[in-house]
Amino acid sequence: MSSNTKKGRRSFLKNSFTLTAGGILLQGAPTIVPSTVFGKNAPSNKINIAQIGCGRIARTHDLPETFKNDIARIIAIADVDKYRQQKGKELIEGWYAKKTGQANYINVKLYDDYHELLANKDIDAVIISTPDHWHAQPAMEAAMAGKHIYLQKPTSLTIEEGRHMSDVVRAKGVVFQLGSQQRSVNPWPQFKKACELVRNGRIGKLKEVHVGLPADPPGGNTAEMPIPKELNYDMWLGSTPYIYYTQDRVHHPTDLDSRPGWLRQEQFGAGMITGWGVHHIDIAHWGMNTELTGPVEVSGSAQFPKAGLWNVHGDYEVEAKYANGVTMHVNSKNPNGVKFVGTDGWIFVSRGNVGVTATDPTSGDKSQPKAFNASNPAILDSVIKPNEIHLYESPEQHRNWLECIQNKKATISPAEIAHRSCSACLVAFAAMKMGTKLYWDPVKEVFKDNTEANKLLSRPQRHPYGTSYVYNKFKK
């Protein structure tokens with residue numbers, strides 16, 4: 001690729017622009033480049049993407065969905081596990097070879113450290129499919145490097161991290177998408193339709209929302225083990241405290257499809273309240289029209305394991321009240337999904353027994369309730385009229401992100417809305433931990449008159465990792 005062509009492609013993809021979504025304004029104005037500058041299928045017109053983290057969710061979801069879009073070209077991988085790097089390289093190069101018939105169509109570049117990847121000016125965008133404790137920091141650093149971002153949920157480990165991330169992404173004006181794929185009509189059109197029906201009053205005035213999420217079991221092998229030679233364990237731990245290696249704390253060294261143990265430890269996440277909570281509470285917010293705020297009162301309780309390696313919550317119950325008068329009930333007893341209850345009926349929506357990966361809790365579970373149902377089935381057939389509320393329509397989450405990079409528009413799940421979905425989950429987590437009623441200020445993002453609860457808004461971060469370290473660099 002000539003230097004002039006490379007410069008033209010970078011100008012096309014990187015010029016600042018205005019994005020609006022839910023009242024959020026991102027800075028800048030677009031430079032319009034005529035379509036004649038690049039051939040439709042020319043390599044110079046591709047969005048060059050790097051994959052950060054190449055484990056289960058990347059291999060079974062993020063990469064396959066991105067492959068479907070000809071505008072995208074995946075050219076690099078960063079992972080702290082060299083085995084995963086190599087297997088990711090084989091997957092990507094094999095896919096392109098099969099599609100193009102060219103054995104050497106692409107040579108995927110491998111990085112041990114994603115910071116070196118972010119310094120590569122040929123890379124336009126990144127997909128971040130890392131463990132939860134490695135979400136907010138690389139997203140911030142990618143924005144600071146001018147890269148567009150697709151981030152797996154949840155946005156952050158703490159509310160402080162999420163606020164830092166959203167502020168940096170907004171300031172840098174890059175295109176951000178959270179992996180809240182229930183918003184997109186492929187593969188689940190019922191979520192958008194349910195929220196439109198609720199927003200347009202088909203069940204009367206909304207009074208309650210009932211969210212059902214799974215819970216995680218205790219267990220896990222606590223025995224200390226040698227660190228695999230392929231794994232940079234110190235960097236894998238990142239901002240969290242150093243603790244000895246055991247396989248059930250991290251991931252299986254060669255089985256890339258199994259559910260990793262880090263999902264079930266509070267050092268690296270909050271459990272299902274954020275793991276699946278971000279999906280369902282995001283849909284609840286969409287239907288409630290509370291995407292840019294949060295609850296004002298929350299109370300909760302939960303069972304936490306007293307022994308074993310895995311220590312995230314088991315069964316739990318949370319009640320959250322919003323300023324608009326709606327009360328949201330979140331617990332592990334409700335059917336997995338979201339039930340909107342109004343003065344004139346109810347609507348239930350879920351994925352049914354379909355998951356994103358084979359290890360998702362609902363995958364193949366035939367006991368799951370009907371994915372789209374209502375107190376009166378006729379409600380579901382109601383047509384949204386032209387003069388009524390029509391919500392953002394995204395064809396598929398990754399495709400929407402790529403189209404927004406091309407068209408310089410906001411995605412269906414931009415950073416602030418993503419942060420608010422996650423922060424509502426983390427407020428619920430705090431209530432579960434405290435076991436008492438808490439009063440939340442969604443504007444200042446603090447608990448009112450509760451010092452102990454406010455300690456849960458952040459965590460100590462191990463230098464040189466962590467969003468606080470990055471945020472301080474950003475502000476200078």
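## The S11–S12 hairpin

Start at the turn between S11 and S12: this hairpin puts five residues between its strands, and Gly-325 in it takes a positive phi near 95 degrees. The model is a predicted one, so keep that in mind when reading the angles. S11 covers residues 316-321 and runs antiparallel to S12, with five bridges joining the two.

Just past the turn comes Thr-327, which belongs to strand S12, residues 327-331. Across the hairpin, Lys-321 stands opposite Thr-327.

## S12 and its other partner

S12 also pairs with S9 (residues 206-212), this time in the parallel sense and again over five bridges. Here Glu-208 is the residue that stands opposite Thr-327.

The contact list for Thr-327 fits that picture. Leaving aside neighbours within four places in sequence, Thr-327 touches Lys-207, Glu-208 and Val-209, plus Glu-319, Ala-320 and Lys-321.

## How covered is S12?

Thr-327 has a relative accessible area of 13%, so it counts as buried, given that the cut-off is under 20%. The rest of the strand goes the same way: five of the five residues of S12 are buried, so the strand is largely enclosed by the rest of the structure.

Which residues sit on which face? Thr-327, His-329 and Asn-331 are on one side, while Met-328 and Val-330 are on the other, and both faces are covered.

## Helix H7

Over in helix H7 (residues 189-199), eight of the 11 residues are buried, so this helix too is largely enclosed by the rest of the structure. The buried set is a mixed bag by name: Gln-190, Phe-191, Lys-192, Ala-194, Cys-195, Glu-196, Leu-197 and Val-198.

What do these residues pack against? S9 is one of their partners, and S9 is also the strand that pairs in parallel with S12. The other elements are helix H10 (277-288) and the strands S13 (337-342), S14 (345-349) and S15 (372-374). After H7 comes Gly-201, another glycine with a positive phi, in this case near 75 degrees.

## The whole chain

Zooming out, the chain has 14 helices and 17 strands. Of its 476 residues, 56% are buried.

If you take contacts between residues at least 6 apart in sequence, 72% of them join residues at least 24 apart. As for the surface, the chain exposes about 19,400 Å², with carbon and sulfur atoms supplying 51% of that area.

Terms used: Residues numbered from 1 in each chain as written. Predicted model: local features only at pLDDT ≥ 70, side-chain atom pairs only at ≥ 80, totals over all residues. Heavy atoms only, no water. Helix = DSSP H or I, 4+ residues; strand = E, 2+ residues; numbered from the N terminus. Buried < 20%, exposed > 50% of the residue type's maximum accessible area, 1.4 Å probe, protein only. Contact = heavy atoms within 4.5 Å. Pairing = 2+ DSSP bridges. Areas by Shrake-Rupley, 256 points an atom, 1.4 Å probe, with all protein chains shown as cover.
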